[in-house]
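Please look over the sequence and the model below before reading on. This briefing takes up the nonpolar cores, then a sheet, then a patch on the surface.

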Amino acid sequence: WFSDPESNQCYLVNALQLRTWFDARFACQYQGGDLVSINTPKEQAFLSRVVGEIPTVADLWAGGNDFNSWKHDIANVIDQGWMWSDNSPFNYLNWNDGEPNNSGDEDCLEIYLATGRWNDVDCYSYRHYMCEKTGITNNSFIVVFHTILIYRCDKDWKAWKDHCYYFSPKNVAMDWHDAQADCQSRGANLVSILSLAENDFIESMITQLDRGGDVWIGMNDLRTQNYYEWVDDSVVTMTKWNFREPNGKGERCVNIYRLLGYWNDNSCDATLPYICKQEKQLLPPIPPDEVVIDEGCDAGWSGYGSSCYKASTDEYMFIYSNRHCEEINSNLVSIHDDYEQAFVHSLVTTTIPPGLGYTAWIGLAAKSTITGEPYYTWENGDPVTYTHWGTDQPSKKRIKQCLFNLTQYHMSTTGFWEIDICGQNRYYVCEKDRVGFTQPVLTTLPTTGNCYPGWHGDSTTAYCYQINEYDDANRNQRLTWYDARDYCRAQGGDLVSVHSSEERDSIINFVTNGAVGSYTYFWMGLNNLGLNTGYQWTDGSAVSFTDWSVGEPNNVNGEENCVECQFYTDSYTWNDLSCDTSRNFICKIIKDKVPSTPPPPQEDLGYPDPNNCGTDETWNIIFKKCYAFISSTEYGWSYAQQSCLGKGGNLVAIHSEDENAFVTNRAQKATAGSMWIGLQIYLKKKDVGSRAFYWADGSNLDYVNWAPSEPNNFYDSEGCTVVSSDTGMWNDDNCGRLYGYVCEKYVGASSVTVPPTAQATGNCPTGLYSYSGYVPYGNACYMTPGDSVKYDWTTARQWCTNNSAELAVLGNEYEQAFLEQYLWGKGDSFWIGMTDREQNSNAFVWIDQSEVSYTNWAPGEPNGYSVSFNLWKEGCVLMKVNTDDKGAWFDMDCSTQTSFACYVRKSNGNPPPPVTVSPIGCPAGYYSLVSGQSCFKLVDQPASWSDAKTACRNEGNISSGIDIVSIAEVYENDLLKSWLWRGVKSGNSLWLELVDTITETTFSWSDGWPTMYTNWGLNEPLPDAVNSGDGCVKMNKDGTWSAVSSSGSTSCSTPMPYVCKQSFAPIPTTPFPGTGDCDPGFFAFGQFCYYIEFGLTDEATRSWYESTYMCEERGATLASFHSSDEVQAVISYINGANSHNLFIGLSSDGFDGWQWKDETPADYFNWGQYEPNGQENEECVEMYPWDGTWNDVSCFETRGFVCRK
């Protein structure tokens, strides 16, 4: 401290330490004062003289500020007018020109050394500082302080930051206690090391002075065993123990190794060199002629090895920093090993200010190949043989062409390299050759040499490469990163490292020539497994080339610490991934080196144990539990859980990283992409904020491993969880998606019988706004607001969910049939609850997460194509209910405005439905099909066909028109089909009114309705029934029809359930024959025109499909026939002329019964004797031109044909 001779104020200038304004004020208060306040021109003049003589380059903090909070939390700082920190009045100003300007939150006051003027500056900048307090001191000291003494180290001591270090002379070694006593005799202690930067300084000091391998430091556990402390009582802020150290064993003192600066506990009696440490002292300046200059270096340069180094005191952009080095015959520094790295790091932290975190440019720069991959070069042309990257470096996301050596002040990640923008101003380090010292010779390996069988090489590389690639059938031979590394090292090599695009291209060529073509990634040796370090190759080579994919590396969940590459011509960029994932891998070994025999594969975790786990699946036992990985059958989550319950367990619950790694590894060997695990949300909670995940087995949720941005409940439709066998990460997904699954059970658990899901009981909601309410079917209730309300898919769904429902979901063909007939007449098309959610993912799911167990796509659907947008974006599904599409599904642009159908499960909480009156006057107990103006009643009491007809007619009077059911259209057929699922308990068939007439093979409704619709089953009607002439017709469980003869095991006398029908619609009349003319070449009969291609030459004959096309070209279709008169008209027109057999429009696709190409009902047949004979592939029909009878024939035969329009 020094005083102003004319006042009672004492002042202290700290020109040694750089601090923020807050830390500087704290240091002043700690010594009983505060930052200086200047209240008069006289005080300003006195202090201007003082600061002008201070031996420092930094400006000084004073107490001026313009905020009123002294907390270091900037959030609590409130701007106000300028004041002094000691609360003295701010009544004198000495601002520099244009100041204060508050440029970017400049709230604190500094004093310029050169002029004594003031400037406002950011309070978190680093400056020296001046303290002030009231008192009296010896004024003569000021003269001594400013003219004679400076803070420095004495002779034989090395300076680093605020301290001095003494290394014991060569050949002088002591035990730890004697070494400490010698340090104390010098006013010091054995060295305490408080940062990695200081450790690097000590390491470089040991290397330069060459005092042997091990050196005593001040750490020990002498006061409390196993509790290590510094002998100078400094706080332990970091440690750098060697592998498996400290190990105790009575070793109570600590030494530092020369090798990479690691520490070791040692016997205190060992005799070793030692290092002492003390604070810098106020000493007279060293006379210029006594200043020590490192051998072979100029003044101001520091020598190490064969080079001289100098850290700058000014800041420039990268390009100008390099030019400044060149102007003094040097280059930006290049670093080639850990020892040089430690020296340069200690030089930087000793020389430059900490304001930018002790950052300085080094000479490494990022360049790009022609194809854009970054690689790294030293500006002086040296090869890159060593790198020291910081955390997540080098990252493609951060490459801006330049790099700097980073030491984060007061952080443990000091000395590592990071990428920065070249235009950033920073300090820098220059390097030049040391005079009189031999420069190291950097050599490259020859590319000549041979590779042993199974290894690949070429003339461009000095190495051989072993490609270990396995297709999906052999994926169980892929290895985790750790196992792959050990496999390669066991052969004398290592996992592959890649140092140029040329080396990468060679590897791509080796992989391509192997012709396995798995298109699965390969492990490389790159990883960031080191503590607080960046990416490193396992073979120790420099990371001088990278080829990251876009957005990589991203180290998801902090678990992606290893790197993979595909090494194919069209896919070769890099990705970080969990090291526990199984991958192909590539080994690398120097040419001419004989590889050792590879080790046998390690046994997988877990082992089959049928005695304790059972034999129903391949169970593996580990963690005292049994696991089964099932990929041969894919289920939705609920079915998968049911399957596991039946095996005595549950879907797996994962409780640790080890268990997750095991599940991932085994899932890969099960050749499954993703598999269900037991994690699910409580689905009754609708809003995302209340999504509570739970394990199906009821165990605690104490471990998760979600993939990036998961769980996201996409489209509010993801309530179950899959684990990726590729990465081991979890994703919430739609519970209805089909995946393999993992079961888990305790040892000894056996299979159980899981009862089937009971049919839901309860009732439907009774109404909805002004709409008619729900109609029940099976476990569900359906409703639609009809054609008057049309929305896009998302809004339609919201309409349903706002009313505690969901867009309609269909689980089988019977629910489809019921919904078809219910919607008929209420609109043309309706949104249902199916979507691919991502538009063009083609992974369609039910939005309520039901399993997709049924679909009813129209031909060519889903195609994903939107005509209105002319692009692929159809992600939602609608059902078209019209005469053409008959309930078929189409994927459609989700923004399309259309009607929609909702559904909800039955609930016992709903009241019984009220008694309703039929809107069309149906009798009680009859179902009203409003669109068809008809009433239907299911009678589940089996009767013969004739008894059923009598019973129906007895339901009413003669004028009521009630009769056994006739079917006029597909939607009436759908209604009856839907009843066959759960409504009919006493059989699988229903009687229909359709009968076979005796006079000709024509089926007609006995109630007088014309036959306008048929739905024959496969190969129906059968010849025996057709030819009997007195048969009847039944509906099968799948809704198709079968003809039944009057006798036999199943005949018209067989008792079956039946349906009675009353129709209020008028019976259609036969259309009057047309009065117009036919096109040339056609002839007329009735209301139609016919064309005959006789097929007299090979060129004129066609297959059935070609005949269809030829008729359509004439505006017609292949002819259908519905009476013997129509057949006879064609035969009469031929009149015995020469003709090939003629294709007609009747065919069967091998799944359904006979159908006409023009979609008219198949109500008349004119088979030849013993036809149709059902021979293989005879799915089309020809007519004989001499008598008009029919024969089934292959559709690919060539014939003449008959068209009709």
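Which residues of the largest nonpolar core touch the most other members? In this predicted model, they are Tyr782, Leu976, Trp1041, Phe1121 and Trp1190, in a core that counts 94 residues.

**Nonpolar cores**
- Helix 16, which covers residues 970-982, supplies the largest share of this core, with six residues.
- Another core, of 45 residues, lies apart from the largest one, and its members include Ala366, Trp378, Val384 and Tyr568.

**An open sheet of four strands**
- The sheet is open and antiparallel in its pairing, and its four strands follow the order 43-44-53-45.
- Its edges are formed by strand 43 (775-777) and strand 45 (806-807), each of which pairs on one side only.
- Three bridges join strand 43 to strand 44 (residues 780-783), and the two run in the antiparallel sense.
- Across this pairing, Pro776 stands opposite Cys781, which belongs to strand 44.

**A nonpolar patch on the surface**
- Ile286, Val291 and Ile293 together make up a nonpolar surface patch, whose accessible area comes to about 240 Å².
- Within this patch, Ile293 is placed in the loop that runs between strand 18 (281-283) and strand 19 (302-304).
- Ile293 counts as partly exposed because its relative accessibility is 44%, a value that falls between the 20% limit for buried residues and the 50% limit for exposed ones.

Note on methods: Residues are numbered from 1 along each chain as its sequence is written. This is a predicted model: local features need pLDDT of at least 70, side-chain atom pairs count only at pLDDT 80 or more; totals for chains, interfaces and linings use all residues. Side-chain values use heavy atoms; hydrogens and water are left out. Patches are made of residues with over 30% relative accessible area and no salt bridge: like charges are joined within 9 Å, nonpolar side chains (Val, Leu, Ile, Met, Phe, Trp, Tyr) within 5 Å. Accessible areas come from the Shrake-Rupley method with a 1.4 Å probe; for residues, only the protein chains shown count as cover. A salt bridge is a side-chain nitrogen of Lys or Arg within 4 Å of a carboxyl oxygen of Asp or Glu. Buried means under 20% relative accessible area, exposed over 50%, partly exposed in between (1.4 Å probe, protein chains only). A nonpolar core is a set of buried Ala, Val, Leu, Ile, Met, Phe, Trp, Tyr and Cys residues joined through side-chain atoms within 4.5 Å. Two strands pair if DSSP finds at least two bridges between them.
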